[in-house]
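Work through the following exercises with the sequence and the 3D structure open beside you. Try each task before reading its solution.

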Amino acid sequence: MAGIIDVAIKRTIGTNSQIFGYAPDLSYDGDLADKLLDCSVGISNDYYEIFSGAEQLNSRLRLRSFLYNPDIYAKQVCAEHPAPSDFLSGLVSFSCRSNDSGPHVPAFALLHAGHKDSIAPLHFDWDMNWAINFNLFGRKVMTFFPPAAAWLLVPVINTSGFCYPRLAESEKIALAESLGGIRVELGPGEGVQFPSLWWHSAEYLDTTLSLSIRFGGPDWLRPLATLPRHWRLQRVAWAIWKRGRKHDSYPAIEACLRSVCMSEGWLARYNALAAECDAVLAGLDEEPGYGALWSAPFNAELACAAEALQSLYADPSGEYMEDEIRGVADYIFSARRFARPLETAAATRALSFRQGLPPKRGLLSPVGSR
Ligand SMILES: [Fe+2]
């Protein structure tokens, strides 16, 4: 069996048990990098285009053309492209498990590619999964910050208001040290596993091709993924995740859902969610520092991103069949059912805003047995 991929976890983030997961087993027959280079992918000017939903601006070309013409495409990145379905044909065995979700869990894979000096800005993902990100070739530095650092990272929705990867090296190190961040350099064949809910960024040291596999987040957090990404809600989700007591967390999850799904108007939803998150965090004895320094009269997120927030917190739109809504609700609320009107409202939001839905692209099916 040629070309078996050995996912080397160079450094699992945190050695304490509260952020512990299991890496997937993945065996591939053939040259995985060579296979992926023939794929057609979306290329963006930067990661912010992806976060702002501007996917239609992307151009598509062969990954090989993109990576082997650094002079032409120096300023573009393949930020997050679902692994194409023909990639699956080389999978000999794949399985993953998580301490959160049982022995075999759904997984999907994304491609990441860029040239020397490309970056992925500091952000957190909102899919509530573990991520393992490994390099097929090239080198990059990834930096991670815990959710509790959010209020000092100038959060704007799920990105940071300053561009961490463009700071001077000494500043990057100093900030990481003072906020509990971790910097990891990944070479070819090296990877790192982390909760994608943590803040993370990437700095490309070479032309680099990476694959990330998303898997096994706690299924009881799925309802929160239907709500707008918000740094306070990120803190709530992580506070619940790290405690691992899912039955104790349902009142907090229900309260956050109600604050958005049952409020009228985008600004009322935004304020209700923020207030509910503060109440939940205080109830969990999380550090209160963010509350003291985030003053109501001036809210930097509202000042910087009011237009984006209006669309994130808008009324759901579109007509959906009852069967479609129930199917989505069955996935979101698989761990625990809530009142039907709340489930319907959350599932409708998920369909309207296309977030928190079951993954459809880049799916990895467990094959073989190991
Ligand atoms: Fe990410």
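**Exercise 1. Place Leu 26 in the chain and decide whether it is buried or exposed.**

Step 1. Leu 26 belongs to strand β2, residues 25–28. Helices (H or I, at least four residues) and strands (E, at least two) are DSSP runs, numbered from the N terminus. This is a predicted model, in which local features need pLDDT of at least 70 and side-chain atom pairs count only at pLDDT 80 or more, while totals for chains, interfaces and linings use all residues. Residues are numbered from 1 along each chain as its sequence is written.

Step 2. Apply the burial rule: a residue is buried if 20 or more other C-beta atoms lie within 10 Å of its own, exposed if 12 or fewer, and partly exposed in between, with C-beta atoms placed from the backbone. Leu 26 has 25 C-beta neighbours inside 10 Å, so Leu 26 counts as buried.

Step 3. Look along the sequence as well: Leu 26 and Leu 91 are 65 residues apart along the chain, and their C-alpha atoms are separated by 7.5 Å.

**Exercise 2. Apply the burial rule to Glu 264 and Pro 70.**

Step 1. Glu 264 sits in the loop between α7 (246–261) and α8 (266–283). Glu 264 has 9 other C-beta atoms within 10 Å and is therefore exposed. From C-alpha to C-alpha, Glu 264 is 9.8 Å from Tyr 313, with their positions 49 residues apart in sequence.

Step 2. Pro 70 is part of helix α4, residues 70–73. Its count is 15 other C-beta atoms within 10 Å, so Pro 70 is partly exposed.

Step 3. Leaving out residues up to four places away in sequence, Pro 70 touches His 115 and Thr 207. Two residues are in contact if their C-beta atoms, placed from the backbone, lie within 7 Å. The C-alpha atoms of Pro 70 and His 115 are separated by 6.4 Å, although the two residues are 45 apart along the chain.

**Exercise 3. Find where Asp 117 and Met 128 lie, and compare their burial.**

Step 1. Asp 117 is in the loop between β7 (107–114) and β8, and Met 128 is in the loop between β8 and β9 (130–137).

Step 2. Neither is a glycine, yet Asp 117 has a positive phi of about 80 degrees and Met 128 one of about 55 degrees.

Step 3. With 14 other C-beta atoms within 10 Å, Asp 117 is partly exposed. Met 128 has 24 and is buried.

**Exercise 4. Describe the surroundings of strand β15 (residues 199–204).**

Step 1. Six of the six residues of β15 are buried, so the strand is largely enclosed by the rest of the structure.

Step 2. In a regular strand the side chains alternate between the two faces of the sheet. On one side of β15 are Trp 199, Ser 201 and Glu 203, on the other His 200, Ala 202 and Tyr 204, and all are buried.

Step 3. Two strands pair if DSSP finds at least two bridges between them. Strand β8 (residues 119–123) pairs with β15 in the antiparallel sense over three bridges. Strand β10 (residues 140–145) also runs antiparallel to β15, joined by six bridges.

Step 4. Glu 203 of β15 stands opposite Ile 119, and Glu 203 is also the bridge partner of Val 141.

**Exercise 5. Determine how helices α11 (residues 322–332) and α12 (residues 340–353) are arranged.**

Step 1. Two packed helices are described by the angle between their axes and the distance between the axes. The axes of α11 and α12 come within 9 Å and cross at roughly 100 degrees. Axes are lines fitted to C-alpha atoms, for helices over the stretch in contact, and angles run from 0 to 180 degrees between N-to-C directions.

Step 2. Angles under 35 degrees count as roughly parallel, over 145 as roughly antiparallel, 65 to 115 as roughly perpendicular and the rest as oblique. Therefore α11 and α12 are roughly perpendicular to each other.

Step 3. The α11 residues Glu 324, Ile 325, Val 328, Ala 329 and Ile 332 meet α12 residues that include Glu 343, Ala 347 and Leu 351.

Step 4. The buried residues of α11 are Val 328, Ala 329 and Ile 332. They cover an arc of only 105 degrees around the axis, which puts them on the same side of α11; the arc is that of the directions from the helix axis to the C-beta atoms. These buried residues pack against α12.
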